[in-house]
Amino acid sequence: MEALINAIATYIPLSNEEEDLVGQIFQRKEFRKKDFLLKEGNICRSVYFIEKGLVRYYVNLDGEEKTTYFNKENEFVCDYMSFLPKSPSKVNIQALEDVIIWSIDYDNLQRFYQEIRNGERLGRLAIEQVYLQAIGQVASFYTDPPEIRYLNFIHTYPDLQQRIAQFYIASYVGVKPQSLSRIRRRITSSH
C-alpha cells in the first residue's frame, strides 16, 4: 500500500484521512506468471497499480499475438477503451512475472474522485500521460524504422530487457525475433 500512496502523492497531496480512504477502496490482489488480469472480450472493470511484477498488453491479429505495451512496478494498468465505456476489451493484459497489484473498480474510482481533494486531478494527469505515450508509440510505429523503435524501447524500459522474453520485445518493436537479433548486433557493433 505504501508504494500506491507514494505514487498517488507524486500527482496530488493526500491527507491522513485520504490515505485511509485509499486503503479502504483499493484491494490487494496477486496474479501468477501467465495469469490474465484481462482477457479480450471481457470488460475491464478495474484500474490496477503494480506493486511488484510486470505485465504486457497484447492483441490477437490473425492468430498472431502482437505486444503493444508493458507496465511494471509503480505504474497503473488499465484498458481505458474498455473500462470507461464498459465495453468488451480488444486487448489481453497478462502477467509476465508473479504480480502484486492494488485494484480499484469503477464505482470506487468515482468515490476517489469525489471524496479525495484533487482526486479528479489525478485522473486527468494519469490519462494525459497514457494519451501521450499512446500517441508517441503510434507515431513511432508509422514513422520510425524498427531499429529506432528498439532504441525507443531501450530508452523507455531501460531496466526491462532482462525481464522480458526477446520474442515479446520483437513483437512490441514490430519485427520477427530473428530481425531483432540482427538489430541488436548492429547496435552493439556500432558502440
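## A tour from strand S6 to the cysteine pair

In S6, Val77 is the bridge partner of Tyr48. Select both residues to begin. Keep in mind that this is a predicted model.

**Stop 1: strand S3.** Extend the selection to residues 46–52, which make up S3. Five of the seven residues in S3 are buried, so this strand is mostly covered. Now add S6, residues 76–77. S3 and S6 run antiparallel and are joined by two bridges.

**Stop 2: strand S8.** Select residues 99–105 next. S8 also pairs with S3: six bridges join the two strands, and they run antiparallel. For one point on this pairing, pick Val47, which stands opposite Ile104 in S8. Colour S8 by accessibility. Six of its seven residues are buried, and the strand counts as mostly covered.

While the strands are on screen, recall a general point. In a regular strand, side chains alternate between the two faces of the sheet.

**Stop 3: strand S1.** Add residues 27–31. Which strand do they join? Five bridges link S1 to S8, and the two run antiparallel. Zoom in on Phe31 in this pairing: Val99 of S8 stands opposite.

**Stop 4: the nonpolar core.** Hide the cartoon and show side chains. How many residues does the largest nonpolar core have? The core has 54 residues. Pick out Ile8, Phe26, Phe70, Phe112 and Ile164, the residues with the most contacts inside this core. Then select helix H7, residues 166–173. H7 supplies the largest share of the core, five residues.

Stay with Ile164. Which residues does Ile164 touch, leaving aside those up to four places away in sequence? Show Leu54, Phe70, Leu96, Phe153 and Ile169. Phe70 was also in the previous selection, as one of the residues with the most contacts inside the core.

**Stop 5: the cysteines.** Finish with a check on disulfides. The structure holds zero. Select Cys44 and display the distance to the nearest cysteine sulfur, which belongs to Cys78 and is 3.8 Å away. Now start from Cys78: the nearest cysteine sulfur is that of Cys44, at 3.8 Å. Why is this pair not a disulfide? The sulfur atoms would have to be within 2.5 Å, and the sulfur of Cys78 is 3.8 Å from that of Cys44, so the pair does not qualify.

Are these two cysteines buried or exposed? Cys44 has 5% relative accessibility and therefore counts as buried. Cys78, at 6%, counts as buried too. The cut-off for buried is under 20%.

Notes
Residues are numbered from 1 along each chain as its sequence is written. This is a predicted model: local features need pLDDT of at least 70, side-chain atom pairs count only at pLDDT 80 or more; totals for chains, interfaces and linings use all residues. Side-chain values use heavy atoms; hydrogens and water are left out. Buried means under 20% relative accessible area, exposed over 50%, partly exposed in between (1.4 Å probe, protein chains only). A nonpolar core is a set of buried Ala, Val, Leu, Ile, Met, Phe, Trp, Tyr and Cys residues joined through side-chain atoms within 4.5 Å. Helices (H or I, at least four residues) and strands (E, at least two) are DSSP runs, numbered from the N terminus. Contact means heavy atoms within 4.5 Å. Two strands pair if DSSP finds at least two bridges between them.
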